[in-house]
Amino acid sequence: MTKTLVEEYVEDPTHMRLYQQERVIYEVTELIESVLREERVGRAGLAKRLGRSRGWVTQLLDGEANKTIRTVADVLAVLGWEFRVAACRGLSRKPRLAEER
């Protein structure tokens, strides 16, 4: 069976780490965008709730910014949401929530 380009790329441990970093940044950005849509809050509204500029929010959500756990938790908190974290071993295993350990 032929491997995809991504499968070949992530065979290298350094590449796998970079891939995982980018995947998490993308997923967290999409999570925040999804919550904003569900709560019907725009970027200007989020900026106001956070006491930040709209430009800061735009940079946060452009997908390139390094989002700290503290920042993500703060963004979700002002939207009335709680940030939860899960981890899984490999790509085919079921995620484990922190409270399951």
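This section describes helix α2 and the largest pocket of a predicted model.

Helix α2 covers residues 13–39. An expected span of 39 Å follows for its 27 residues at 1.5 Å a residue, and because the end C-alpha atoms of α2 are 39 Å apart, the expected and modelled values agree. At the start of the helix, the backbone nitrogen of Thr14 has a side-chain oxygen of Asp12 within 2.7 Å. Beyond the other end, α2 is followed by Arg40, for which phi is positive, near 55 degrees.

Several residues of α2 are buried, namely Val28, Thr29, Ile32, Glu33, Val35 and Leu36. The cover over these buried residues includes three further helices, α3 (43–50), α4 (54–61) and α5. Val28, one of the buried residues of α2, is also among the residues that lie nearest the centre of the largest pocket.

The largest pocket holds about 690 Å³ of space. Its lining consists of 24 residues, and those nearest the centre are Val24, Glu27, Val28, Val85 and Ala86. Two or more lining residues are given by each of the elements α2, α5 (69–78) and β1 (86–87). Of these contributions, the largest share is that of α2, with 8 residues. By residue class, the lining comprises 14 nonpolar, 5 polar and 5 charged residues. Helix α5 thus appears in both settings: α5 is included in what covers the buried residues of α2, and α5 also gives two or more residues to the pocket lining.

Terms used: Residues numbered from 1 in each chain as written. Predicted model: local features only at pLDDT ≥ 70, side-chain atom pairs only at ≥ 80, totals over all residues. Heavy atoms only, no water. 1 Å grid on protein atoms, 1.4 Å probe; cavity = no way out; pocket = protein on both sides within 12 Å on 5 of 7 lines; lining within 4 Å. Points joined across faces, edges and corners; volume = space filled by probe spheres on them. Helix = DSSP H or I, 4+ residues; strand = E, 2+ residues; numbered from the N terminus. Nonpolar A, V, L, I, M, F, W, Y, C, P; charged D, E, K, R; others polar. Expected span 1.5 Å × (residues − 1). Buried < 20%, exposed > 50% of the residue type's maximum accessible area, 1.4 Å probe, protein only. Contact = heavy atoms within 4.5 Å. Polar contact = N/O pair within 3.5 Å; in protein donor to acceptor, adjacent residues only side chain to side chain.
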